[in-house]
Every structure is written in C-alpha cells, then in structure tokens.
Amino acid sequence: MRKLYLLCLLIGSTITAQEKPETNAVEVSVLAGNVLPHTPDLHHLAGHPEGVLVTFAKQTHGTKEWHRAYNYPDFGGYFLYQKFNNTFLGENYSVGAMYNFYFLNRNLQFKLSQGVAYATSPYDKEDNSKNKAFGSTIVANTNIGLLYKKENIIDKLGLQAGFLFTHYSNGRTKSPNSGVNTLLFNVGVNYDFDGEKSKPVDTVYEKVNYKEPIKYNFVVRGGVNESPIINSGQHPFYHIGFYADKRLGRKSAVQLGTELFLTEFFKDFIYYQSVAYPEKNIDPNTDYKRIGVFVGHEFFINRISLEAQVGYYVYEPYKHDIPIYDRVGMKYYFTPKIFGGFTIKTHLFLAEALEFGIGVRL
C-alpha cells in the first residue's frame, strides 16, 4: 500500500512539474487615427476613426517545432470595434484569428490578424448611397500591426504602443466595394495570467533539411461576385490554376504558374458596356475569359501558410482592369499533398474576388 501511495505521489508531482504547452494572455488597446482614401471618389469618407482592440492570446513555450522556429509566437483570437466618425461609414465590429510574432528580445511585436466584420452602415440606395466602400453588412477584415511591448512591468501587467493598419472589404461579393483602409495609433495594457515564463533553449538540435525538389500544384478557386454595376446580381466565378513551387527552407517557397479566370459576371457586363457606351465600340461577343501568369511566395508556419502572388494577364480580350493583379491569403494543409484556403484577388487596392479554394501538391 505504501509503494502504491509513493507511486501516485511521484506521478502527481511529475504532472504538476510539467510545463504547460501554452499559457494565456490578453491585450486591450485603444485606437485613434485616419482613414486612408485610395481612390479620388472616396475622399468624402475620410475621417478620424477610433476604437478598441482586444486580443486573447495563447503563448507558446517550445513544445512544438514551429514554436522555436518562429521565436515563440502567440496565437489566438481578437475582437475589434471601430467607429469611423463618418456619417456614411458608421461602425464595424470584427472577430477573427491572429498571430503575434516577436523580435528585438521580444520587445517588438508584429501582429497579423484576419477575420470578418459586421458593418452597421453599408451601402443602401435610398438611405446611404454615399457609402461606396462596402455594399454588404458582412465584410472581411485584415489587420497588420507593429508595436513596442513590455510585459510584466507591475507583477503580471504590462504596456504596449504602436501602429495598426486595418482593411475592410467584401471582396466584391456585392457592389459597391471600394473598401476602407485606416492607419491607427494604439496604446494599451497586457496581462499575462501565468506571469513571466522563460523560453527553453533547444539543446537537442536536430538539423532538418527542408529543401525539396520542385512540386507541382493544381488548385481550383471559386465563389460569387458582382460587377461594378450596383444591383446587377451575383454570379459564380471559377479560377483554375497550375503552378510549380520550390521550397527553399523551413519557412519559404517560391512559385511560378498560370491560371484561367472564368468570371461569369463579365458576360453581362460586356454586353451592358456595349449597349450603354456605343462610343467605345465594344463587341458584345468579346470573350470574357482571361489567362494570367504569376510569381508567388509561400510562408510556412505549421499546417498553416501565408501566400502572396503577383500576376499579369497574357490573354485579356476585354480590358476592364489594369493588366496586373495580386492575391494574398491563407492555406491549410490537411495532408502534405492536400490543401484548402481562402484568398482575396485584387487589382492594387480594388478587390475583385474573395476566393475559396482546394488543391493538390504533388
């Protein structure tokens, strides 16, 4: 009986002594800044927005390889309230997922977050026709921040201050959709529920060669969007891509590929332009399809990666946008060969499509 008691005591002590895989922290910041109009017809939406950002973070401590590879980042969720102080824009409420990455002895924080927002004052033909920024109640929200952060100044309480860039857009799932960008100064407090905790040094270093031979990817992206003509109706789109990628190391791969764009709203839009603007001499039977070539970069974290691409239309019979397009988004690898994700395709700051995709990497 005594031996059984000692064994239980030993097991209990071992469990208690183990490091928690993650610990919890919260940040609360107040925001104030400016709207950044990116087209001439948006200057009436300028203003001095303010708001509150609350992030709930899981702090990593080296229990997984990617923790150490990225200097023990945080991950978790956020809530963002933003009042635009503009008659037409109203207020936005956002929730989503976030990562915090650290530099300079963990005093410099790079914040990256993505989510969805509820817009209280979207475009309405009768009540709010001046809001050309977003035409729907639900919009996508992207935030990028750079802050100086000091933890555990007084017991578990710390401070942070810096800048936050926010972007709202519905990816032209419904027109209008010029989007809104803001640059905000933020200052706030952080609270570490578990107190200051050291980051273990990886003394058992295993060198892994992440370089791979060229891999070939096939991806299909789709969704719905609407032409710039308000209330013209939503139509499906299909973007079919093929590209090769070369992984350079633990964090990076480069891409080169081509893709076919089948954007259905262009069929009606081309016909509308040919009738409404006869002086442009647009053939109503102009091919709506486009073909692009692109280069890209993929940034691997764990099963999640971040993707950015820049492309050029080599086939574009109907020239509506500039010939250069870009795409940013997130991928999730269900297996080493199967991935899914969502991306936003734009022409500079003007979104064309919010894409949901599935692909294979061989």
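Me: Which residues do ring pairs link into a cluster with Trp 66?
Reply: In this predicted model, aromatic pairs come to a count of 22. Tyr 70 and Phe 299 form one aromatic pair, with an edge-to-face arrangement. Both of these residues belong to a cluster held together by ring pairs, in which Trp 66 is linked with Tyr 70, Phe 75, Tyr 99, Phe 101 and Phe 299.

Me: How many residues apart are Tyr 70 and Phe 299?
Reply: The rings of Tyr 70 and Phe 299 lie 5.5 Å centre to centre, with 75 degrees between the planes. Tyr 70 is in the loop between helix H2 (65-69) and strand E3 (74-83), whereas Phe 299 is in strand E12 (residues 290-300). The pair therefore links distant parts of the chain, 229 residues apart.

Me: Is Tyr 70 buried or exposed?
Reply: The cut-off for a buried residue is a relative accessible area under 20%. Tyr 70 has a relative accessible area of 7%, while its partner Phe 299 is partly exposed at 27%. Because its value is 7%, Tyr 70 counts as buried.

Me: Which residue has its charged end over the ring of Tyr 70?
Reply: A charge counts as sitting over a ring only if it is within 6 Å of the ring centre and within 35 degrees of the ring normal. Over the ring of Tyr 70, at 4.7 Å from its centre, sits the charged end of Lys 251.

Me: Which strands hold Phe 261 and Tyr 325?
Reply: Phe 261 and Tyr 325 form an edge-to-face pair, 5.3 Å centre to centre and with 85 degrees between the planes. Both residues are buried. The pair ties together parts that are 64 residues apart in sequence, because Phe 261 lies in strand E11 and Tyr 325 in strand E14.

Me: With which side chains does the side chain of Arg 327 make a polar contact?
Reply: Arg 327 lies in strand E14 and is buried, at 1% relative accessibility. Its contacts beyond four places in sequence include Arg 221, His 239 and Phe 261. Polar contacts join its side chain, at 3.1 Å and 2.8 Å respectively, to those of Glu 259 and Glu 355.

Me: How many bridges join strand E4 to strand E5?
Reply: A closed barrel of eight strands runs E1-E2-E3-E4-E5-E6-E7-E8 with antiparallel pairing, and its neighbouring strands are turned by 25 degrees against each other on average, direction ignored. Within this order, E4 (residues 91-103) and E5 (residues 108-119) run antiparallel. Asn 100 stands opposite Lys 111 in E5. The number of bridges that join E4 to E5 is 12.

Definitions and conventions
Residues are numbered from 1 along each chain as its sequence is written. This is a predicted model: local features need pLDDT of at least 70, side-chain atom pairs count only at pLDDT 80 or more; totals for chains, interfaces and linings use all residues. Side-chain values use heavy atoms; hydrogens and water are left out. Rings of Phe, Tyr and Trp (its six-membered ring) pair if their centres lie within 6.5 Å; planes under 30 degrees apart count as stacked, over 60 as edge-to-face and the rest as tilted. Helices (H or I, at least four residues) and strands (E, at least two) are DSSP runs, numbered from the N terminus. Buried means under 20% relative accessible area, exposed over 50%, partly exposed in between (1.4 Å probe, protein chains only). Two strands pair if DSSP finds at least two bridges between them. Axes are lines fitted to C-alpha atoms, for helices over the stretch in contact, and angles run from 0 to 180 degrees between N-to-C directions. A polar contact is a pair of N or O atoms within 3.5 Å; within protein, one must be able to donate a hydrogen and the other to accept it, and residues adjacent in sequence count only if both atoms are side-chain atoms. Contact means heavy atoms within 4.5 Å.
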